[in-house]
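Student: I have a model open in front of me, and I would like to understand how the words used to describe it are justified. Could we go through them together, one term at a time?

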Amino acid sequence: MTNGINQNNDNTDKLVEVPKGTLLLRTMSMPADANPNGDIFGGWLMSQMDAAGAMLAYELSQGKVVTVATDEIVFLNPVHVGNVVCVYGRVIYIGNTSMKIQLQMWTKKNHSAGSTRVKVTDCGFTYVAVDNEGRKRPLPREVRDNKEQIILKGYNSVNGSNSCPVD
Ligand SMILES: CC(C)(COP(=O)(O)OP(=O)(O)OC[C@H]1O[C@@H](n2cnc3c(N)ncnc32)[C@H](O)[C@@H]1OP(=O)(O)O)[C@@H](O)C(=O)NCCC(=O)NCCS
């Protein structure tokens with residue numbers, strides 16, 4: 001799971017991509033989130049990504065954050081009404097006041113057990129820690145001092161556990 005690549009079980013040695021990072025958010029797309037074609041709006045998908053990354057950024061920064069930038073977002077597969085939508089994330093950069101979280105969104109049909117999940121998008125979101133007045137503030141010293149370790153090990157939560165359900 002963590003390296004993003006799995007072997008098939010069918011002796012074909014074909015490499016299959018799997019989600020990379022910690023499961024941050026799991027939800028179901030609803031009719032209100034759809035366009036007239038029945039596919040889910042890109043804006044709703046982006047907001048789920050932003051919220052998922054923000055949850056990690058809030059924990060890491062131990063306070064308020066704002067989103068300052070995202071990388072280019074490319075949608076690889078559509079999401080349909082009633083699909084399960086999962087967002088995975090990992091910290092890939094820690095600066096003085098900012099942190100970048102690489103987020104992946106994956107989706108699968110809700111009603112068929114064992115249905116194949118597909119990647120929807122993979123994008124970096126950058127958050128800045130702010131104070132109550134919305135001014136940038138330094139990340140906690142223990143985070144800045146241990147940035148290499150945090151990035152290397154992956155960051156699950158402040159207490160090191162991952163309470164999110166598996167998908
Ligand atoms: C984010 C904000 C507080 C930054 O304030 P600022 O005084 O201009 O700060 P800076 O330009 O010094 O940038 C702060 C950090 O963000 C980083 N940053 C700024 N613009 C960036 C960009 N386009 N891409 C990546 N990182 C960026 C800087 O590199 C810096 O990181 P560091 O401290 O780790 O080195 C301010 O621009 C802001 O409030 N923006 C609006 C945020 C918002 O409303 N988002 C949508 C809703 S959450």
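Tutor: Let us start with a term we shall need: a nonpolar core is a set of buried Ala, Val, Leu, Ile, Met, Phe, Trp, Tyr and Cys residues joined through C-beta atoms within 7 Å. Please keep in mind that this is a predicted model.

Student: Which residues touch the most other members of the largest nonpolar core?

Tutor: That core has 29 residues, and V87, M99, I101 and M105 are the ones that touch the most other members. Two or more residues of this core come from each of β3 (22–28), α1 (42–61), β5 (84–94), β6 and β7.

Student: What makes V87 a residue with contacts beyond its neighbours within four places in sequence?

Tutor: Two residues are in contact if their C-beta atoms lie within 7 Å, and, with those neighbours left aside, V87 is in contact with L24, L25, Q48, M49, A52, L103 and M105.

Student: Why do the 20 residues of α1 agree with the expected span?

Tutor: The expected span is 1.5 Å times one less than the number of residues; for α1 this gives 28 Å, and because its end C-alpha atoms are 28 Å apart, the two values agree.

Student: Which residues of α1 are buried, and what covers them?

Tutor: A residue is buried if 20 or more other C-beta atoms lie within 10 Å of its own, and in α1 the buried residues are L45, Q48, M49, A52, G53, L56, A57, L60 and S61. Their cover includes β3, β4, β5, β6, β7 and α2 (141–145). An α-helix has 3.6 residues a turn, so residues three or four places apart point the same way.

Student: How do you know that β4 and β7 pair?

Tutor: Two strands pair if at least two bridges are found between them; β4 and β7 have five bridges, in the antiparallel sense, and we may therefore conclude that they meet the condition. Strand β6 (residues 98–108) is also joined to β7, by ten bridges, and these strands run antiparallel. In β7, F125 is the bridge partner of T70 and also of I101.

Student: What surrounds the ligand?

Tutor: There are 13 residues around the ligand, and the closest are A69, G95, N96, T97 and S98. By class, this shell has five nonpolar, seven polar and one charged residues, and its largest share, four residues, comes from β4.

Technical notes:
Residues numbered from 1 in each chain as written. Predicted model: local features only at pLDDT ≥ 70, side-chain atom pairs only at ≥ 80, totals over all residues. Near = placed C-beta within 6 Å. Nonpolar A, V, L, I, M, F, W, Y, C, P; charged D, E, K, R; others polar. Buried ≥ 20, exposed ≤ 12 C-beta atoms within 10 Å, placed from the backbone.
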